[in-house]
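Student: I'm new to this one and would like a close look at a single part, the place where the two chains meet. Could you walk me through that?

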Amino acid sequence: MAMSGMRGLSVFISDIRNCQNKELERLRVDKELGNIRTRFKNEKGLTPYEKKKYVWKMLYIYMLGYDVDFGHMEAVSLISAPKYPEKQVGYIVTSCLLNENHDFLRLAINAVRNDIIGRNETFQCLALTLVGNIGGREFAESLAPDVQKLLTSSSCRPLVRKKAALCLLRLFRKNPDVVNVDGWSDRMAQLLDERDLGVLTSSMSLLVALVSNNHDSYWSCLPKCVKTLERLARNQDVPQEYTYYGIPSPWLQVKTMRALQYFPTIEDPNTRRSLFEVLQRILMGTDVVKNVNKNNASHAVLFEALALVMHLDAEKEMMSQCVALLGKFIAVREPNIRYLGLENMTRMLMVTDVQDIIKRHQAQIITSLKDPDISIRRRALDLLYGMCDVSNAKDIVEELLQYLSTADFAMREELSLKAAILAEKFAPDLSWYVDVILQLIDKAGDFVSDDIWFRVVQFVTNNEDLQPYAAVKAREYLDKPAIHETMVKVSAYLLGEYSHLLARRPGCSPKEIFSIIHEKLPTVSTSTVPILLSTYAKILMHTQPPEPELQNQIWAIFSKYESCIDVEIQQRAVEYFALSRKGAALMDILAEMPKFPERQSALIKKAEDTEADTAEQSAIKLRAQQQTSNALVVTDQRPANGTPAVNQLSLVKIPSMSNVDHDLGDQGVTQTNGTLTVVDPQPPTPSGGDLLGDLLGPLAIEGPPAVSVLSERNLVSGVEGASYADERLAIAPVEEQANTVQPIGNIEERFHALCLKDSGVLYEDPYIQIGIKAEWRAHQGRLVLFLGNKNTAPLVSVQALILPPSHLKMELSLVPETIPPRAQVQCPLEVVNLGPSRDVAVLDFSYKFGTYVVNVKLRLPAVLNKFLQPISVSADEFFPQWRSLSGPPLKLQEVVRGVRPMSLMEMANLFNSLRLMVCQGLDPNPNNLVASTTFFSDNTRAMLCLLRIETDPADRTQLRMTVASGDPMLTFELKEFIKEQLISIPTAPQAPAPVPTQAQPTKSPTASSDPGAMLAGLL
Amino acid sequence: MIHFVLLISRQGKVRLTKWYSPYTQKERTKVIQELIVYKRYASLYFCMCINQDDNELETLEIIHHYVEILDCYFGSVCELHLIFNFPKAYYILDELLIAGELQESSKKTIASLIVAQDSLVEAAKEQASSISNMIAQATK
């Protein structure tokens, strides 16, 4: 056995190994520490060999987890030893024993610096390694310039430079100011030309840190990263020793792709194309093989490539390819790959358009729910949760419910919450929703919070079709031998409200309902008793004509609880007892609960707030995001103009609804309505509706307070309100009301925003949200309209008409006439551009919700700039072209006034987002901008367009603009379009005051070689 | 980045620790229980703690790369090699990682650097012994 070369050290290690237990080990360590301490005290007698031996022993003890709080000085002092063996030990022990917060380390700065600036390469390496591993802020400030010098020095060998790169990375992390951006960005770019892959690997790590902090200064590194990646992926010029299981340095590939992900986009089409070629190669070239290491390495590269593809928002085809690959991975034997496959699929959900492809793998994902590895099961649950929508909710939720019975305890709560949320959000019909929640309570009652069953009650109360069904289900569950207390609560509540709807069924007479509920009373806790008491009161109220026997039974219970120690129970018992003796008035007071105002589900809100692990969080965030885009949940916000929202109207019971099969007298009905006339339903007083909404909201199902409040109201307001309530109600919902619904947000601003980006919200009001996502390729475009119904009721008579201008060919796929509750439909719209024009297509959209007919005309962001593709042009290409387009009508110039003041930087950004590529450095005057782009239409080939803006730094409101292209129409339209953008965004919808166009004849070109003079001459 | 490297035996004995971020003694003791990426080689667990968004497979292969280099150096490495030669394990790790980032991916390059280090130490030893010989002879 090779020994450490130090007998004393080996003996000590053997002693430690031979210790039978922790206590003996501790004794041996203490003895050794005592020994070392004494030896260090009279340092003079120590030979270098002994010193080394003792500091190694200290490190060994420290490694075992013991605190070593002395001897640091001795370790540090070895650093300044003249000879390599001592120095080496000093450096390595110091860098293990100390960290950046130790004061002792400061003592070493000078010695370390001397080694860094000295000529001895091996000393340099030792010093750089120490600083790279434990250097802190002070090191950063005093050593960064020296380290930078070594990194860029041409006389240093790779072994020093690669250490210098990582050392600088450490110093930068400790203090970002030590890297001066202006001076460093060019040198950083040069470092990426490095041939030695060791240096390049370290430099790439440095770049990742730099761009993660500030990508803007490092654009020049981007094409070099792409080149590096090409070199590796194609295995060009990669020495054998840098391939790992046949893969050219997988680590460098991963790092390079990581660096690329910090740049927001890749604008240069050539670079972008090359990058996509490489990525394509990586995606296609990765297979699952037998060798674990090869597998890991190639998949490390692959998963990084996937992340980059997602980041770059690649085309759909490539995305589908990615999903297909992931689909393969989630089925392989290797658990790491399965895990990452699922995790990455969840990330993929962020990318629109691929959901459908992911859905194809649903069966396999469901299988992963039963994976032996819990972390894989969690990822599968996350993914299922993320991919669930109206189309697959039934399958997924039912799978989750099934899995719930066998799932391990650790996952049950999460499962229940997720199943409940999905059931609520995507329920194809409400009876299914009720089924799911009741099953959930039945199977995992402990994990079903109050929020969940409150929500069921809200839904049932607001949907009268659902009430008999829910009552039947509740009744069925009560027959089960042992049911969860939550089930008792929800069943009792539902049967109290709606059991009269079942009165004719067997086993559902008031008496039978009462006795089956009452059976549970002895088993429940005090928090449930009040709910049962309310149920009894309701049963009593619904039993018409009264049954004396039942009445006496219930009264007996009330009087028994009149002296209950629990205040809540006591109060209810007293009140119900008193009320139930008032005869007919009881009906009035204990009438059915009115509808709840629509509000955001507390459940979903809770899920959003829940702190979970990040992957899960991302799924939840994704959900939240979808929620806004699908806009599935109605908040209690009201349209700004004060017209009553439907949810407020729905507070009022409409007489026809009460015509159910129970025998309720006319008087009862009007009185029921009468109780609510305190609220003037239309128009509502500013706060009245909300107030009542809140009172009837969550409190109502929580029980007591709302009931008492209601009772009070009823008692006070009495019956006299009934008559006029009737007529108001009769009028209110009948007439259709057109366009009283106010949009949310500014339509104009939304349109302008969409002109500059490809996805976002086009229109939103309290009932619907219209989102848009567009893809443009040359003269063609594909827009997808996302129509999201935000309500629990369907939107009907949906119509969408496209009014295209003459230069666009547009084809909208079929728009369904009805959008189901809380659903989102996607309608693709194909666009073909026939020529340059600023005319805008309009979407004429209408729908009906309840009594509202809404019609809006929306401009579609299929505007001129969408058919542009930025192109970068060099000086050699620009000037001949500029010269050849010699004057009107191909080249037009105009002085534009009333420009929205913006800096040149902002203007350059605006042009970039309009897909005009700003060509840096072509115009020597720093106040000018030159940009180029290509225009695509079906009728013409790709046309090059050139643009020059001359600004006046003293007056930012005016500028001179020159536009040139090979087509007069294009030149004119583009000029006008850019003018509009410069003047109007983001507010003024009115057309800018036209400025007299003054096209000047160009002067003859001068023969000067100075580009500025050439430009000036050409103008 | 890699925040720390731990080698732990199946019995829970620590064979090597290397910290790239500053931790207090308390945190170090605690952190040993919260590992992120590990790979088992015979009786040894190689553990590395990385950031949430780091590439896990890449890190696994850094571990394997380290093991391969140890294997090369010791000639089919086993736990005992590392126990008695832990300084060597540190030297090799320092050639592989700095600042918690991979420094060199070529086994050959690392191997030659370690050999060079060894020969520097040997040379110093020989020099020292020849000097002591000379002194011994001179004082005869």
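Tutor: Let's start with a term: buried area is the accessible area, found with a 1.4 Å probe, that two parts lose on being put together, summed over both. Keep in mind that this is a predicted model. By that reckoning, chain B and chain A bury about 5,500 Å² between them, and 57% of that area lies on carbon and sulfur atoms. On the chain B side, the residues that lose the most area to chain A are B:Leu57, B:Phe84 and B:Phe86; together they make up 13% of what that side buries.

Now for who touches whom. In chain B, 56 residues are in contact with 66 residues of chain A. Polar pairings turn up here too: there are 29 residue pairs in polar contact between the chains, counting pairs with both residues at pLDDT 80 or more. The chains also share 5 salt bridges. One to look for joins A:Lys255 to B:Glu101, with the closest N and O atoms 3.3 Å apart.

And which pieces of chain B do the touching? Several elements each supply at least two residues to the side facing chain A, among them the strand β2 (14–19) and the helices α1 (25–31), α3 (79–84), α4 (86–96) and α5 (107–138). The helix α2 (56–74) is on that list as well, and α2(B) gives the most to that side, with 9 residues. So if you want somewhere to begin on chain B, try α2(B).

Terms used: Residues numbered from 1 in each chain as written. Chains lettered and ligands numbered in written order. Predicted model: local features only at pLDDT ≥ 70, side-chain atom pairs only at ≥ 80, totals over all residues. Heavy atoms only, no water. Contact = heavy atoms within 4.5 Å. Salt bridge = Lys/Arg side-chain N within 4 Å of Asp/Glu carboxyl O. Polar contact = N/O pair within 3.5 Å; in protein donor to acceptor, adjacent residues only side chain to side chain. Helix = DSSP H or I, 4+ residues; strand = E, 2+ residues; numbered from the N terminus.
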